[in-house]
Amino acid sequence: MTFFKDINLSATTAGFVAVLVGFTSSVAIVFQAAQALHATPEQLTSWMWALGLGMGLCTLLPSLWLRQPVMIAWSTPGAAVVATAALAGGFSMSEAIGAFMASGALIALCGITGLFERVMGRIPVAIAAALLAGVLARFGLNGFAAAQSALPLVLLMLATYLLARRWLPRFAVVLTLLVAIAFVAARGEFISAGIVFSLAKPVLVVPTFTWSAMVSMALPLFVVTMASQNLPGVAAIRAAGYAMPISKLITITGLATLVLAPFGAFALCLSSITAAICMGPEAHSDKAKRYTAAAACGIFYVLIGIFGAAITGVLTAFPRELIAAIAGLALLGTIGGALSTALHDPQHREAATITFLVTLSGVVIAGVGSAFWGVVAGAIALFVQQYRRSIV
């Protein structure tokens, strides 16, 4: 099989780092959402099963089919919406499942009609690149901010990364991660976790469709997932130079959410953060073979789904400073490339800068994240500038 000929150590490591960063950076929010709905331990395990299989299969199969790095994740802001709505509205688990299914159906409809892809096609490359840079820059900042609580670890990782980039650039992230793990293990700083090796079991919850859950949970979940996740996800794909069937991928995520929602998959979507890790040059020196990094990521996600509790315990044992630092270093190249694209054209430079700064700010207005408002601000700035030139 071509996949086994194309994959290498750096691609496998990129896939693992993507899972490590994507999972550990937001799994606590998913747990909070489930707990807000009074999920039992069995239901929480089922959520991990559904999300792991959903993300894994929707990443693995399209990547192998298209031979491009398709990256699917759960909607982190969507999990926050679910938690907030559950606490405010007192919804039951069955009502929430109904909302998940309704949101998935709306996402699939956006993909089937091609509406979302047509809207994205009208966004200039500079604005899309600035959006991606703003999303990723927060992780870059967090990587260096980790030095406040773990200075020796971050300095060691930075030194290892720079030296490896000089002498062994293909394995810079691999070596940095290995050195960090060895350092943390030697200092006994891994977080102890109860690891139980058992297969995760899906728990079916029959959905209940209520008007209040549709308005308070389903619609906000749909809007936030499209604006705060799929929008920067498409920007990541475009910035990496891949031509993917966006509408089909959106449809796949919507249908997968619809099918897996009764087991706890609240929202699947295009990834931006982990996508940047698997689409960058650190994943594979050959752009045509970076799909193997995404495929490896998909396999790791499937394992999370199958061995839910055990894998969760292993991944959450990593210190948060290590995760923040490896994410920041792994994204350096993509952040630099996105900024270069965003600021290259003088006519778009100011609008792109506005998009970058608004996105980086993390502002949330009307429950919608800064990724959406960054694009809105940049588009308005670009319109005003172009309109002014046309009448002068």
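This tour moves from the whole chain to selected residues and the salt bridges.

The model is predicted: local features need pLDDT of at least 70, side-chain atom pairs count only at pLDDT 80 or more, and totals for chains, interfaces and linings use all residues. Residues are numbered from 1 along each chain as its sequence is written, and side-chain values use heavy atoms, with hydrogens and water left out.

**The whole chain**

Begin with the protein chain in cartoon view. Its secondary structure comes to 19 helices and two strands; helices (H or I, at least four residues) and strands (E, at least two) are DSSP runs, numbered from the N terminus. The radius of gyration is 20 Å, close to the 21 Å that the globule rule gives for 392 residues, so the chain is as compact as a globular protein of that length. This radius is taken over C-alpha atoms, and the globule rule is 2.2 Å times the number of residues to the power 0.38. Along the principal axes, the C-alpha atoms fill a box of roughly 60 × 55 × 45 Å.

Next, display the surface. Of the 392 residues, 55% count as buried; buried means under 20% relative accessible area, exposed over 50%, and partly exposed in between (1.4 Å probe, protein chains only). Among contacts with a separation of 6 or more, 84% come from residues 24 or more positions apart, where contact means heavy atoms within 4.5 Å.

**Ile123**

Select Ile123, in the loop between α7 (115–121) and α8 (125–145). Ile123 counts as buried because its relative accessibility is 12%. Not counting residues up to four places away in sequence, Ile123 touches Ala128, Leu231, Arg238 and Val375. The C-alpha atoms of Ile123 and Val375 are separated by 8.3 Å, although the two residues are 252 apart along the chain.

**Lys248**

Move to Lys248, in helix α12 (residues 246–260). Lys248 has a relative accessible area of 52% and is therefore exposed. For a longer view, select His344 as well: the C-alpha atoms of Lys248 and His344 are separated by 31 Å, and these residues lie 96 apart along the chain.

**The salt bridges**

Side chains of opposite charge can pair when their charged atoms come close. The structure holds five salt bridges, each defined as a side-chain nitrogen of Lys or Arg within 4 Å of a carboxyl oxygen of Asp or Glu.

Select Lys289 and Asp6, which form one of them, with the closest N and O atoms 4.0 Å apart. This pair links distant parts of the chain, 283 residues apart: Lys289 is in the loop between α13 (273–279) and α14 (291–306), and Asp6 is in helix α1 (residues 2–6). Lys289 is partly exposed at 27% relative accessible area, whereas Asp6 is buried at 8%.

Continue to Arg320 and Glu321, whose side chains meet in a salt bridge (3.7 Å, N to O). Arg320 is exposed at 62% relative accessibility, while Glu321 is buried at 13%. Add Arg67 to the earlier selection: salt bridges that share partners join Asp6, Arg67 and Lys289 into one network.

**Glu95**

Finish at Glu95, in helix α6 (residues 93–113). Which side chain of opposite charge is nearest to Glu95? That side chain is Lys201, 28 Å away, and Glu95 is buried yet has no salt bridge. Leaving aside neighbours within four places in sequence, Glu95 is in contact with Thr208, Thr210 and Ala213.

Methods. Lys, Arg positive; Asp, Glu negative; His and termini not counted.
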